[in-house]
Each structure stands twice: as structure tokens, then as C-alpha cells.
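Reader: Please take one strand of this model and look at it closely, then place it in its chain and in the complex. A plain account will do.

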Amino acid sequence: MTRTFVKTLLAAGLFAAVASPAGAEPSKPECLAGAKPGGGFDLTCRLAANALLEAKIIGKPMAVTYMEGGVGAVAYNHVIGKRGSDGNLITAASSGSALLIAQGKFGQYDETAVRWLGALGADYGVLVVAADSPYKSLSELIAAYKASPTDFSVAGGGAVGSQDWMKGSLLAKAAGQEPKEMRYVALEGGGAVLTALEGGHVKVGAGDAAEMSKHHAAGKVRVLAVMAPERLPGELAEVPTAKEQGVDIEWPVWRGYYVGKDVSDADYKWWADAFTKLVATPEFVKEREARGLYEYTQVGDAFDQQVKADVARFKIIAKEAGM
Amino acid sequence: MNLDYLWNGFTVALTMQNLLIGLAGCFIGTLVGALPAIGPINGIALLIPIAYTMGLPAESTMILLAAVYCGAEYGGRISSILLNVPGDAGAVMTALDGNPMARQGRAGEALMLSGLSSFVGGVFGAVGLALFAPLLAGLAIGFGPAEYFVLMVFAFATLGSMVGSQPVKTLIGCTLGLMLATVGLDATSGAYRFTFNEPELGDGIEFVVLVIGLFSVSEALLILEHQASGVTVIRELGRMTARLDDIRKSIGATLRGSVIGFIVGVLPGTGASVSSAVSYTTEKRISDTEGTFGKGDVRGLTAPEAANNATACGAFVPMLTLGVPGSGTTAVMLGALMLYNIQPGPMLITERPEVVGGLVASLFIGNVLLLLLNLPLVNIFARVLTVPNWLLVPGILVLSVVGVYSTHASVFSILLMLGIGIIGWLLRKAGFDMAPIILGFVLGHVMEVNLRNALAISGGDISILFQSKISIILWILAGAMAVMPLIAGWRKAKRMKTATS
């Protein structure tokens with residue numbers, strides 16, 4: 001009995017070893033989304049899964065699995081604890097993950113507990129007001145905010161300390177107010193921010209360009225500034241960056257992936273090479289644009305360095321904001 | 001008003017391929033709804049990639065997904081009634097009167113009545129969506145944090161009707177629910193409350209985990225206990241068709257449930273769990289003059305069942321008119337639209353009328369298909385009751401565990417569910433109802449978040465809660481709900497006085 005069991009185990013181990021030879025295409029590619037279906041992590045996973053298959057870089061469809069909890073914290077702990085050496089698995093992350101890591105909200109682990117693989121696209125932070133708002137530019141808004149800060153409730157799709165709150169706090173700081181004093185309304189997602197703006201319940205909204213751009217184009221809200229290094233293509237091409245309007249705020253929301261700490265260098269390199277190959281294909285560009293993401297590519301060590309730099313920067317910002 | 005888009009939608013939805021897709025969706029949806037823990041959101045998330053890789057056009061995918069969504073609202077009632085195990089979030093209230101009916105040997109009747117009220121609720125919702133969607137978009141926008149808070153005050157005012165014969169236990173249950181709702185990330189301060197450094201508690205206790213624990217696990221334990229102590233459960237199937245008398249009796253309840261369900265569905269911040277709760281407590285307040293609610297009253301069965309189906313349709317209003325999802329499930333459907341490179345938003349109906357029209361038309365067709373699918377199957381569903389306990393109890397437990405694991409992929413959730421189940425079993429033995437706990441949990445969370453957001457907007461000034469027309473109307477309704485039973489009791493006492501003198 002015991003012997004058969006050991007034999008089975010050995011056989012299984014052998015099978016696993018044969019099934020995933022180092023550096024070859026993963027036999028069971030999987031992308032883990034640390035949230036419910038339909039959210040940003042799901043979108044990130046689907047981008048990799050669909051584009052890799054369409055561009056024929058992987059032969060078998062990539063499975064997308066979900067593990068909800070703590071805006072990715074549960075998935076992060078799961079990958080570190082249980083699947084640290086699984087070369088089949090990539091896990092979706094975003095700059096929001098780096099922000100949470102910086103605030104110590106991912107449990108006991110820090111940014112060095114995984115291997116950061118690459119980012120395939122980005123969104124950018126925006127500040128919006130309702131279409132009938134009297135403010136037409138960021139400087140007008142800041143001037144008015146400065147004059148009477150208590151009149152300006154800022155809504156965002158996340159808790160205090162989240163990315164949307166950070167965007168709002170950058171506005172408050174630009175207007176010379178303590179971010180902690182800001183009247184921040186924590187709503188559930190960008191959709192709720194839109195309805196709160198349209199219904200006149202709040203004065204300013206913090207959100208992401210992709211989601212807000214279509215409502216901007218439909219004339220429902222007005223995007224005052226994009227937090228990007230230069231103007232964005234498409235529907236927001238007319239909207240100046242915050243920098244152009246004299247406020248040095250940038251907030252890229254990159255969408256990327258990590259793998260476990262103990263994934264072999266060969267597997268890591270296979271994924272990194274696959275991403276590098278992928279971003280040059282027309283199939284990928286189509287999939288990225290379909291998801292409302294802007295061009296933003298960083299793969300391998302460069303990305304790893306950037307995430308670490310991000311976390312360090314977020315630690316400073318969060319401290320300044322009094323978190 | 002121009003309904004051309006709808007007529008075109010019917011021609012889209014009535015093609016052979018789309019009808020078959022709709023039928024398949026209805027079937028999958030009923031199944032997904034009937035299985036505990038797996039709700040429409042999971043069914044839809046699984047189907048999107050399949051539909052996409054099959055190369056279905058956008059309108060066919062939407063028809064498929066809408067059929068699954070509606071089907072799940074129908075299917076949820078089956079396990080609620082037969083096993084006292086809610087099949088999905090909207091079916092929790094259905095168990096309160098549906099399961100007692102099944103215990104009285106009226107399972108077939110309960111299934112048929114609830115099927116009919118689901119149909120009425122669904123069709124009512126679809127009509128409302130087709131005719132008033134643009135108008136209602138204004139209502140959805142008018143609800144800010146302050147208005148949501150007062151809506152919850154109204155819901156709690158109707159809750160008074162749940163107090164019943166044991167007010168202290170009801171209040172304790174409700175408080176337990178409120179306390180459980182505080183677990184997790186506090187959005188207004190960014191702090192974690194009662195999570196004990198456990199990342200899996202960061203988002204709070206999942207509704208599904210709580211419901212499955214409180215209802216199915218504790219139910220399985222109760223059945224086992226009865227078995228062990230030699231109490232035999234009578235399992236009569238009874239008649240398979242509803243009595244005309246009962247149908248007549250539930251017309252009012254069904255219509256009121258439909259209206260409440262649709263309106264709550266239109267509001268982006270609330271879903272089927274809130275609408276079925278509000279319609280049940282409201283109905284109890286209005287109709288429960290003889291104290292029959294909770295003991296198998298057909299009105300207590302039909303009101304929440306009509307409400308959750310109307311909510312499913314109502315949730316499409318903000319999705320189609322504003323591009324903002326009205327529920328978790330419609331949020332996933334918005335994601336599906338984006339896969340087809342269709343930007344959901346206010347321009348959707350003018351840019352892609354065939355998608356909107358096909359979807360709305362498929363809601364009508366889907367409801368008819370679901371009724372046709374459900375009524376003949378009542379007989380088969382009801383046979384679940386004849387399954388012996390040695391098969392039924394492990395079956396319930398396996399479904400619960402698999403259901404929770406499949407949606408959360410975490411062992412922690414399973415342990416939490418089992419722990420909650422054991423506590424629920426002890427509470428039920430002590431004579432507590434599970435419904436107040438659920439109500440406190442669902443309503444308390446929405447209430448707290450919106451109160452704090454409203455006060456964040458006003459800088460702590462509570463006058464914001466009385467400013468808009470919507471809130472004032474809701475305050476008046478809440479007051480009426482709270483005072484009504486007092487007046488009714490007073491009049492009853494007066495009548496008895498005059499009768500005795």
C-alpha cells in the first residue's frame with residue numbers, strides 16, 4: 001500500500017519534471033487574477049492570455065484563474081507560499097499592488113518576495129469634473145480649491161490610501177492643503193465615481209483615463225488633466241497633461257505580471273522573451289487597444305528595477321500624505 | 001418614444017441561432033442558480049471566454065449572458081425551497097417561506113408559484129427596462145451617498161416587521177449581522193478592522209461564505225441531528241400545481257415585489273440581496289396580519305422571488321444608459337462588451353442598437369423560455385426531497401464546499417464557512433432565526449459606507465441627510481413604515497373594545 005503510494009508519488013514527480021522542461025513553453029500556462037472576474041486583474045490576465053494565443057506564441061490556451069481578496073494580497077501570499085517555483089504561472093499585478101506593498105498591506109512579504117516579470121500596458125490617472133462644472137482647467141480648479149478647500153469633496157474608486165486617493169491627495173497638495181484634511185469619498189469603483197459626479201454629489205473625481213475617456217467623449221464629464229508624461233492618443237488627445245498646466249503630477253497605472261521567487265531562470269527568461277516578442281505583434285496591439293490600455297512596455301530586469309523604485313517612491317508619498 | 005430598436009432587437013433575438021443560444025443560457029443559468037455558492041457572476045465569467053473563442057457575434061454573446069443571468073435568478077429558488085439552502089444571493093429570502101411550504105408537503109406548489117412570480121417579476125423588469133430606461137437613468141444618478149443611507153433607514157424601518165414573537169433574539173441576530181459587516185477594509189480611513197492580520201479577511205467576510213455557512217451547513221447539521229435522535233422527517237411531495245386561491249392571494253405581493261425589485265435594481269449600489277430583503281420585509285409589514293409569514297405564507301414566497309428577477313432586469317438600466325454596472329454581474333458583462341471593442345456608455349444605444357435591442361428582447365424571450373423550462377420540471381425538481389438523508393447531507397456539504405472553493409480558491413474560506421455553519425447550527429438550536437443576521441449584514445454594510453461618505457462630503461454636517469427631495473420622500477416612507485403597525489394595532493384594539501362593549 002505504502003509502496004504503491006510512494007511509487008505514485010515518484011511517478012507524479014517524474015511526470016512533472018518531464019512535463020515542464022526548463023525554458024520550454026509552459027505545458028499548462030495559467031494566469032492568476034487576484035480578484036473577482038471582471039476587474040482590472042482579470043483584464044490584465046485576459047490581455048496576456050488572448051494576445052499570446054492570437055500571436056501563436058503559446059499553443060494551448062492560457063487558463064485564467066481567480067483568487068479574490070485584499071486587492072491581490074491573497075493571491076500574492078498564495079504564490080509566495082504555495083507556488084513559488086511554478087513556471088507555468090504568471091500573476092497579474094498593477095501599480096496598485098506596488099502601492100499596497102509600500103504600505104505594508106500585502107502581509108509580511110515585501111516587493112522582493114516574487115520575481116517581477118513585465119508590464120504590457122498602462123492606464124493613466126485623470127482628474128475629472130462634471131460636464132456642467134465651472135472649472136475648465138486644472139489651474140482654475142486648484143485656484144478655487146485653494147480659496148475654499150472645504151467645498152471640494154473628491155471621490156475615488158478606492159479606500160483612503162488607494163491609487164485614486166493618492167491622485168486626489170496630489171491635487172490637495174498642489175492646492176496647499178494637507179491630504180489628510182481632504183474631503184475624500186471612497187466609492188466602489190470608477191462607475192460609482194461617474195454617477196456621483198453626474199448627480200452633483202461630489203465636485204471632483206479621481207480615476208483612470210481609459211474608463212473616463214468614453215464618458216468625456218460623450219459629454220457627461222470633463223477630464224481636466226491626464227497624469228501622463230505626454231498627451232494621450234485617442235479621445236483625450238485634446239486634454240493637456242497636468243505637467244503642461246504647471247502641476248508636476250504623474251500617475252501611470254501599469255498593468256503587469258510577476259512569477260514566484262523560485263521559478264527557474266530558464267522559465268523566467270522564456271516568459272520575458274515571450275513578452276518581448278509579443279509586444280511587437282499586431283495581434284497584441286489590437287488586444288491592448290481593445291482593453292483601453294496605452295502603450296507601456298517593460299520586461300525582465302528593467303521591470304523588476306522599476307517596481308522596486310515604485311515601491312520606494314510610494315513609501316515616501318504615503319508618508320508625506322500621512323498614511 | 002421610439003421603440004424601433006426593440007423591434008429590431010426581436011428580429012435579432014428570434015433567429016434560430018440566437019434562440020438556441022438563449023435556451024442553452026437559460027438552462028445553464030438555472031443550473032448555476034440552483035447550485036449553492038455559484039452565482040450568475042461565476043457562470044458568466046466562465047462563459048465569456050468560451051463565447052469569445054467560439055466567435056459568437058456580440059449580440060449573441062449578450063443574449064447568452066443575459067439568459068444565464070435571468071436563469072440563475074430562477075434557479076436560486078429551487079434549492080432555497082427544497083433544501084433551505086439558498087442557491088444564490090437573491091434567493092435567501094425565498095427560503096423563509098418557501099422551505100416551510102416544502103416541509104408541509106407543498107413543495108410542488110411552492111416551486112410553481114415562485115416560478116410564476118419569477119416570470120412576472122422578470123417580465124415586469126424587462127418592460128420597465130424597455131420603456132423607461134432613459135428616464136430611470138436620472139433616478140440612478142440622483143442617488144448619492146446621503147440618499148442611499150436614507151434608503152437603508154427605510155429598509156431598517158421595514159425590518160421592524162421581522163421582530164415577531166421573539167424581539168430580543170431578532171435584535172441580537174441583527175446586531176450579529178451588523179458586527180460581521182464591519183470586518184475588513186474600512187474604505188473611509190484605509191484601516192483594516194477585525195482582520196487579525198489575515199489577508200483573506202481584508203475584503204471582509206464574503207456574503208456567499210456567510211450565507212452558505214448559516215443556511216446550508218447548519219441545515220445539514222440539523223438534519224443529521226434529527227436523524228440521530230430518531231425524528232423522522234415527513235417528505236410528501238404533495239400536488240404539483242399551484243392552487244388558484246394561492247395565485248390570487250399572491251398577485252399583490254408579486255406586483256409589489258416586482259416594483260421594489262426593479263427600482264432597487266436600477267440603483268447601481270444595491271443588488272438582488274438587498275431588493276429581496278426589502279421586498280420581503282415590506283410585504284410582511286403590509287400583509288402579515290395573522291402572523292403566518294415565516295410559516296409557509298405564499299406572499300412571503302412570491303414577493304422576494306418577483307423582486308430578485310425584476311432586479312436582474314433593472315440592473316441593466318445603468319449599464320445600458322450610463323455605461324455603469326448596476327450589479328457585480330452586469331460589471332462582468334460590461335467587460336465582455338469591451339472584448340468586442342464595444343465601448344459601453346451613454347452612446348451605446350445609438351451606436352449599437354442591435355446589441356441593446358437584442359439584449360432587451362432576449363430578456364422577454366428568456367423569461368418565457370424559463371417559464372416553459374421550469375414549470376414542467378417542477379415535478380422532477382421536487383423529487384430531490386425523496387433523496388434519503390445519507391445521500392442528501394453529504395451532498396449538501398459537498399456542494400457547499402465545492403461551491404465556496406470554486407469561487408474563492410481558498411481553504412480559509414471553507415474553514416470560515418464551516419465555522420459559521422457550526423455557530424449557525426448552535427444559534428438555530430437556541431431558537432434564533434438566520435434571516436435577521438443576513439439582513440443586518442447586507443443592509444448594515446451599505447448603510448455604514450454611505451453614511452460615512454455622505455458625512456465626508458458635507459464635512460460632518462448631518463443636514464446633508466435631509467436635503468434632497470429623494471431623501472425627504474424616503475424619510476417619510478420610513479416613518480410611515482415604522483408607525484403603521486402601531487396604528488394598525490391601535491385600531492385593532494379599538495375594534496376589539498367596541499366589539500366587547
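Author: In this predicted model, the two faces of strand E3(A) are made up as follows: Leu89(A), Thr91(A) and Ala93(A) point one way, Ile90(A), Ala92(A) and Ser94(A) point the other way, and all are buried. The strand covers residues 89-94 of chain A and is mostly covered, with 6 of its 6 residues buried.

E3(A) has strand partners in E1(A) and E9(A). Strand E1, residues 30-33 of chain A, runs parallel to E3(A) and is joined to it by 3 bridges. Strand E9, residues 252-260 of chain A, runs antiparallel to E3(A), with 4 bridges between them. Thr91(A) takes part in both pairings: Leu32(A) has Thr91(A) as its bridge partner in E3(A), and Tyr258(A) in E9(A) stands opposite Thr91(A). Thr91(A) is also one of the residues that share a direction with Leu89(A) and Ala93(A).

The strand belongs to a chain with 11 helices and 10 strands. Chain A has a radius of gyration of 21 Å, close to the 20 Å given by the globule rule for 323 residues, so chain A is as compact as a globular protein of that length. Its C-alpha trace spans about 80 × 40 × 30 Å along the principal axes. Of the 323 residues in chain A, 56% are buried. Among the contacts in chain A with a separation of 6 or more, 76% are between residues 24 or more positions apart.

Next comes the contact with chain B. It takes 41 residues from chain A and 40 residues from chain B. On the chain A side, at least two residues each come from helix H2 (40-54), strand E2 (63-66), helix H3 (73-82), strand E6 (183-186), helix H7 (189-198) and helix H8 (209-217). H7(A) gives the largest share of that side, 6 residues. By class, the residues of chain A that touch chain B are 19 nonpolar, 14 polar and 8 charged.

Chain B has 20 helices and 2 strands. The globule rule gives 23 Å for its 501 residues and the radius of gyration is 22 Å, close to that value, so chain B is as compact as a globular protein of that length. Along its principal axes, the C-alpha trace of chain B spans about 65 × 60 × 60 Å. Buried residues account for 59% of the 501 residues in chain B. Of the contacts in chain B between residues at least 6 apart in sequence, 81% join residues at least 24 apart.

A helix pair in chain B can be set beside the strand pairings of chain A. Two packed helices are described by the angle between their axes and the distance between the axes. Helix H7 (residues 145-159) and helix H20 (residues 469-500) of chain B pack at an angle of about 10 degrees, with their axes 8 Å apart. Angles under 35 degrees count as roughly parallel, so H7(B) is roughly parallel to H20(B). From H7(B), the residues making the contact include Val150(B), Leu151(B), Val153(B) and Phe154(B); from H20(B), they include Leu474(B), Trp475(B), Leu477(B) and Met481(B). The contact of H7(B) with H20(B) has 13 nonpolar, 2 polar and 1 charged residues.

Note on methods:
Residues are numbered from 1 along each chain as its sequence is written. Chains are lettered from A and ligands numbered from 1 in the order in which they are written. This is a predicted model: local features need pLDDT of at least 70, side-chain atom pairs count only at pLDDT 80 or more; totals for chains, interfaces and linings use all residues. The radius of gyration is taken over C-alpha atoms; the globule rule is 2.2 Å times the number of residues to the power 0.38. A residue is buried if 20 or more other C-beta atoms lie within 10 Å of its own, exposed if 12 or fewer, and partly exposed in between; C-beta atoms are placed from the backbone. Two residues are in contact if their C-beta atoms, placed from the backbone, lie within 7 Å. Ala, Val, Leu, Ile, Met, Phe, Trp, Tyr, Cys and Pro count as nonpolar, Asp, Glu, Lys and Arg as charged, and the others, Gly among them, as polar. Two strands pair if DSSP finds at least two bridges between them. Axes are lines fitted to C-alpha atoms, for helices over the stretch in contact, and angles run from 0 to 180 degrees between N-to-C directions. Angles under 35 degrees count as roughly parallel, over 145 as roughly antiparallel, 65 to 115 as roughly perpendicular and the rest as oblique.
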